[in-house]
Amino acid sequence: MTLLPGRRETRQPSRLGRKFTLLWSASWVSSVGDGMREAALPLLAVSVSASPSAVAVVAAAGTLPWLLVSPFSGALADRLNPRWLMMSTDTLRAVVVAGFAVWTLVGSPPLLALALVAFALGCGETLFDNAAMSMMRDVVPADRLDLANGRLQGSQIVGGHFVGPLLGSALFAVAAGLPFVVDGLTFVLAAVLLAAMGRSGRPAPAEGRQPILTEIGDGARWLWNHRGLRLLAVVCTVATLAFYLGVTLLVLLVTRHLDAPPLLYGVVLAAGAVGGLLAGFGAGRISARLGLRSCIGLALGSMAVALFVMGLSTSVVLVAAMYAVASFGVVTWNVQVVTLRQRVVPRELFGRVNSSYLLVSRLGMLVGVTLAGWIGTALDVRAPLFLGGALLLLSLAAVPRLAGLEPAPPSPDGTPGDRSREKTGH
């Protein structure tokens with residue numbers, strides 16, 4: 001997330017460079033495919049079983065890799081060339097999605113198959129995301145990381161929550177396997193764009209390496225000893241749990257309780273893209289005016305209000321509008337915190353520290369989607385929305401304790417300022 005006031009308005013997008021443009025393009029193309037798949041998988045799960053637990057199982061399967069695989073992904077991102085790792089991951093994901101697309105076109109995969117595909121692609125996501133965040137520091141100057149992260153988040157929102165869901169739900173109405181066919185093609189195109197970047201990213205030197213479990217432990221200890229990021233990770237875990245508790249059963253609220261066609265579920269997801277896009281492309285200006293604590297308070301408050309209103313809504317239009325507000329909060333949070341980690345964490349430890357941070361936040365996601373299925377089955381699909389909103393409001397109590405977490409402006413050589421080091425001992 002962006003933390004430094006008053007410096008972003010003079011920046012020019014062209015100064016982010018050719019390599020960032022290619023990385024941005026690859027991310028956008030891949031996010032379009034992700035959006036199609038993320039719209040199609042819940043619809044496919046609902047066609048297999050109308051139970052809220054079926055939707056939650058598929059969502060949880062896609063989250064589980066962040067607990068099981070993410071620490072190893074972070075270590076690999078520190079050891080290997082990030083660009084090579086991203087290209088290899090997208091190639092493997094293309095193969096997996098293509099095979100599933102064929103199965104869906106010629107048959108009817110069971111719920112277990114949907115969960116396994118979600119798990120496999122989630123494993124690839126942990127590798128790709130850790131490598132992408134690590135490579136950003138080699139592609140973009142330190143004082144423009146917030147601008148670059150905002151644009152990357154904005155493009156991912158447009159692709160993953162606007163273009164992708166609309167295409168995915170429309171193609172699903174024609175044939176259930178078509179969204180997965182196009183998803184596989186987007187992975188291939190993203191790998192080609194990454195290859196066009198040329199040499200980007202630096203693998204860690206082989207000498208002096210420790211066993212991989214030891215290196216993973218080094219990253220986890222660094223995060224634990226950094227009291228500011230440790231607190232932020234806890235807040236993020238609670239907020240993630242609350243958000244996914246609320247939105248996991250959104251497909252059932254729209255298609256079953258509000259009796260809307262599947263295409264309108266894609267429209268709701270696309271509406272979220274509007275809010276996320278505003279937050280992503282306005283990240284620099286938002287943080288310049290508000291600062292870290294106010295940005296986080298804005299993010300948590302936006303998500304809380306949106307969940308409460310969605311829980312009360314009887315209109316798909318209102319649900320879509322509130323999902324846009326919630327997405328604004330999510331992207332505001334993401335841009336700020338990602339930029340903070342990139343500026344504060346040492347380059348040689350970034351993959352491992354980042355994966356440890358993401359692991360605890362994804363633990364909140366896993367608990368959230370699991371609780372959503374249980375509560376939705378036991379009570380009603382609206383109940384998780386109210387509970388999620390309440391948890392988000394409670395998490396606002398931690399915002400005052402984040403004072404002083406902002407790092408000083410980067411020095412001319414691109415390293416973080418001394419303020420962060422003095423406060424954390426690193």
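Is glutamate 215 buried or exposed? I would like to begin there, and to say at once that what you have in front of you is a predicted model. Glutamate 215 is buried, because its relative accessible area is 8% and the limit for that class is under 20%. Its partner is arginine 79, and the two form a salt bridge in which the closest N and O atoms are 3.0 Å apart. That pair joins distant parts of the chain, since arginine 79 sits in helix 4 and glutamate 215 in helix 9, which runs over residues 212–225, with the two positions 136 residues apart in sequence terms. Arginine 79 also counts as buried, with a relative accessible area of 19%, and as the cut-off is under 20%, I would read that assignment with the number in view.

Let me step back to the whole chain for a moment. The protein chain has 18 helices and 0 strands, and of its 426 residues, 58% count as buried. Taking the contacts with a separation of 6 or more, 88% are accounted for by residues 24 or more positions apart. The chain exposes about 16,500 Å², and carbon and sulfur atoms supply 67% of that area.

Now back to the charged pairs. The count comes to 5 salt bridges, and I will describe two further ones. The side chains of arginine 37 and aspartate 183 meet at 2.6 Å, N to O; arginine 37 lies in helix 1, residues 18–48, and aspartate 183 in helix 8, so this salt bridge ties together parts that are 146 residues apart in sequence. Both of these residues, arginine 37 and aspartate 183, are buried. Then there is arginine 352, which forms a salt bridge with aspartate 78, the closest N and O atoms being 2.7 Å apart. Because arginine 352 belongs to helix 16 and aspartate 78 to helix 4, residues 70–79, that pair ties together parts 274 residues apart in sequence, and here too both partners are buried.

Helix 16 and helix 8 each offer a buried polar residue to look at. In helix 16, which covers residues 350–378, we find serine 356, and it is buried at a relative accessible area of 12%. Leaving aside residues up to four places away in sequence, serine 356 touches Gly219, Ala220 and Leu223. In helix 8 we find threonine 186, which is buried with a relative accessible area of 8%, and which touches Val29, Ser30 and Gly33 when residues up to four places away in sequence are again not counted.

What about the nonpolar interior? As a general matter, in soluble globular proteins nonpolar side chains tend to be buried together. In this model the largest nonpolar core has 84 residues, and those with the most contacts inside it are Leu232, Leu300, Trp333 and Tyr357. Apart from that one lies another core, of 25 residues, including Leu16, Ala77, Val140 and Leu152.

How many aromatic pairs does the structure hold? There are 2. In one of them, phenylalanine 100 and phenylalanine 180 have ring centres 4.9 Å apart and planes at 90°, so the pair is edge-to-face. Phenylalanine 100 is in helix 5 and phenylalanine 180 in helix 8, 80 residues apart, and the pair therefore links distant parts of the chain. Both phenylalanine 100 and phenylalanine 180 are buried. Phenylalanine 243 and tyrosine 244 form an edge-to-face pair as well, at 5.4 Å centre to centre with 85° between the planes. In that pair phenylalanine 243 counts as buried at 8% relative accessibility, whereas tyrosine 244, at 28%, counts as partly exposed.

I will finish on the surface, where helix 5 and helix 8 appear again. Val102, Trp103, Leu105, Val106, Val181 and Leu185 form a nonpolar patch there, with about 580 Å² of accessible area together. Helix 5, residues 82–106, and helix 8, residues 178–195, each supply at least two residues of the patch, and the largest share, 4 residues, comes from helix 5. Leucine 105 is found in helix 5, and with a relative accessible area of 44% it is partly exposed.

Terms used. Residues are numbered from 1 along each chain as its sequence is written. This is a predicted model: local features need pLDDT of at least 70, side-chain atom pairs count only at pLDDT 80 or more; totals for chains, interfaces and linings use all residues. Side-chain values use heavy atoms; hydrogens and water are left out. Patches are made of residues with over 30% relative accessible area and no salt bridge: like charges are joined within 9 Å, nonpolar side chains (Val, Leu, Ile, Met, Phe, Trp, Tyr) within 5 Å. Accessible areas come from the Shrake-Rupley method with a 1.4 Å probe; for residues, only the protein chains shown count as cover. A salt bridge is a side-chain nitrogen of Lys or Arg within 4 Å of a carboxyl oxygen of Asp or Glu. Buried means under 20% relative accessible area, exposed over 50%, partly exposed in between (1.4 Å probe, protein chains only). Contact means heavy atoms within 4.5 Å. A nonpolar core is a set of buried Ala, Val, Leu, Ile, Met, Phe, Trp, Tyr and Cys residues joined through side-chain atoms within 4.5 Å. Rings of Phe, Tyr and Trp (its six-membered ring) pair if their centres lie within 6.5 Å; planes under 30 degrees apart count as stacked, over 60 as edge-to-face and the rest as tilted.
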